[in-house]
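Work through the exercises below with the sequence and the model open. Each task is followed by a solution in steps.

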Amino acid sequence: MRNVTLILDDGSRFPGKSFGYEKPVAGEVVFNTAMTGYPESLTDPSYAGQLMTLTYPLVGNYGVPPFTVEPNGLATFMESERIHAEAIIVSDYSEEFSHWNAKESLADWLKREQVPGITGIDTRELTKVLREHGVMMGKIVFDDEPDKVPEATYAGINYVDKVSCKEVIRYNEGAGKKKVVLVDCGVKTNIIRCLLKRDVEVIRVPWNHDFTGMEYDGLFISNGPGDPDTCDEAVQHIRKAMSLSDKPIFGICMGNQLLSKAGGAIIYKLKYGHRSHNQPVRMVGTERCFITSQNHGYAVDNNTLGADWEPLFINMNDGSNEGIRHKTKPWFSAQFHPEAASGPTDTEFLFDEFVKLL
Ligand SMILES: NC(=O)CC[C@H](N)C(=O)O
C-alpha cells in the first residue's frame, strides 16, 4: 500500500496508506459518524465533491453487496448507479469481509470505480479539527508523487446538474393510482422505492425541467449535492407550481432547502454539517422526538421563513431547522432522510402522509 497524506486547507497533515484507486484527489472533507452503511453513503449522490471520513474505526469488514438492477432499472442494494463521493477516509480498513450479501471487498469496488480510499488516518483527530475549524477543503496526495496536487473546489459549483438524470424517466407507468413528479436533484434510490411501494407512478424529471405543465397529483423534491443557491432554476419552477395549484409537495434534504427558498427563506452553511444515523429531531408543537439519518452541510434559517410557513422539525442537538410546512397548504419537507437506507426508519411514515394527501 502506497503512503499518502491528507492535507487540509489549514495546513494540517494526516499520514495514511492508499487501499482504493491510486489517484490524487481533492474535495470538501466531511465526517460521518454512522457505524454502518458505507455502500449506501458512497453511492448517495449528495456526497459528490466530498471526501467522506468515517469516524467508526473498522470499515470494510462486511464487504460490498453485488451491483444488481431491479426490472425498473433501479439498483437493488445501492443508492445510485455508481460511487459519488470523491474518496473515503478510514482509520482501519479491513480487507477480510464476511456478510451474507457480500460480493467483493471495499478495496476492489473502489478500484473498479476509480475512487481513492485511504486508511491508517487518525479519524478522531481529523474530526476534532473539522469540528473546531468547520469543514475544510482537503487533498489526498501520494507521498512518492508530491507534485501531483489536484485543485480543490466545492463552493459555487452546481453539483446537482452533474448528478441529476438528463431525461424524463417513468416508473410504474400507468400502474400507479396517483402520479408524482419527482424533481431529481441527485435522488437516492430508496426514495423512489419508498414512493413506488405506496402504489404511485413516479415521473422523474431533470432538476431544471419545467414540469409545471405536466399532468400530476403531487410534487416531490429530492436530496442532492452541493450548495442549494446554485439551483435557482428549480426554485423558480417550484414557485410557479405553488402559484398554479395547491397540489401536495414533499421535499427531502436538498428538497427542504429548495422548498424553503421557494417560500422566501435563506440558507446558510453549517459549521460541520449533520452526517450520521442518530440525529435527534423534535416535531414542532409536540413532544415527539425521532432518531434520523442525515447528510447535509447547509441548513434553512428558521428566522427567514415566510409568514405562511413554519418549522416542522427542529434538531435537538443544535436547534437548527430540520423541516418546514406551509400553514394552510399541503406542502412540507424534511431536512433529514425519512427513507434512510442505511439508518433508522422511524420517519418513513412521512411518505404515507404525503401519499394520503394526493
Ligand atoms: N443530502 C442532501 O440533499 C444535502 C443537501 C445539501 N447538498 C447540503 O449539503 O445541505
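**Exercise 1.** What area is buried between domain 1 and domain 2, and what percentage of it do carbon and sulfur atoms give?

Solution. The model is a predicted one, in which local features need pLDDT of at least 70 and side-chain atom pairs count only at pLDDT 80 or more, while totals for chains, interfaces and linings use all residues. Residues are numbered from 1 along each chain as its sequence is written, and side-chain values use heavy atoms, with hydrogens and water left out.

- Step 1. Set the bounds: domain 1 covers 1-140 and domain 2 covers 157-355, as given by an automatic or database domain assignment.
- Step 2. Take the centres over C-alpha atoms; they are 26 Å apart.
- Step 3. Find the contacts (heavy atoms within 4.5 Å): 32 residues of domain 1 touch 25 residues of domain 2.
- Step 4. Buried area is the accessible area (1.4 Å probe) that two parts lose on being put together, summed over both. Here the value is about 2300 Å², with 50% from carbon and sulfur atoms.
- Step 5. On the domain 1 side, S46, L74 and E79 supply 27% of the area buried against domain 2, more than any other three residues.

**Exercise 2.** Describe the polar and charged pairs across this interface.

Solution.

- Step 1. Apply the salt-bridge rule (a side-chain nitrogen of Lys or Arg within 4 Å of a carboxyl oxygen of Asp or Glu). Between domain 1 and domain 2 the rule finds 2 salt bridges.
- Step 2. Inspect E70 and R193: they form a salt bridge whose closest N and O atoms are 3.5 Å apart.
- Step 3. Inspect E28 and K269, whose side chains meet in a salt bridge at 2.4 Å, N to O. E28 is in strand β3 and K269 in strand β15 (residues 267-283), so this pair ties together parts 241 residues apart in sequence. Strands (E, at least two residues) and helices (H or I, at least four) are DSSP runs, numbered from the N terminus.
- Step 4. For comparison, a search of the whole structure gives 21 salt bridges.

**Exercise 3.** Where in the chain are the cis peptide bond at S342 and the positive phi of Q114?

Solution.

- Step 1. The cis bond joins A341 and S342, with omega about -5°. S342 sits in the loop between β19 (331-334) and α8 (349-357).
- Step 2. Q114 is a residue other than glycine, yet its phi is positive, near 60°. Q114 belongs to the loop between α2 (106-112) and β8 (117-119).
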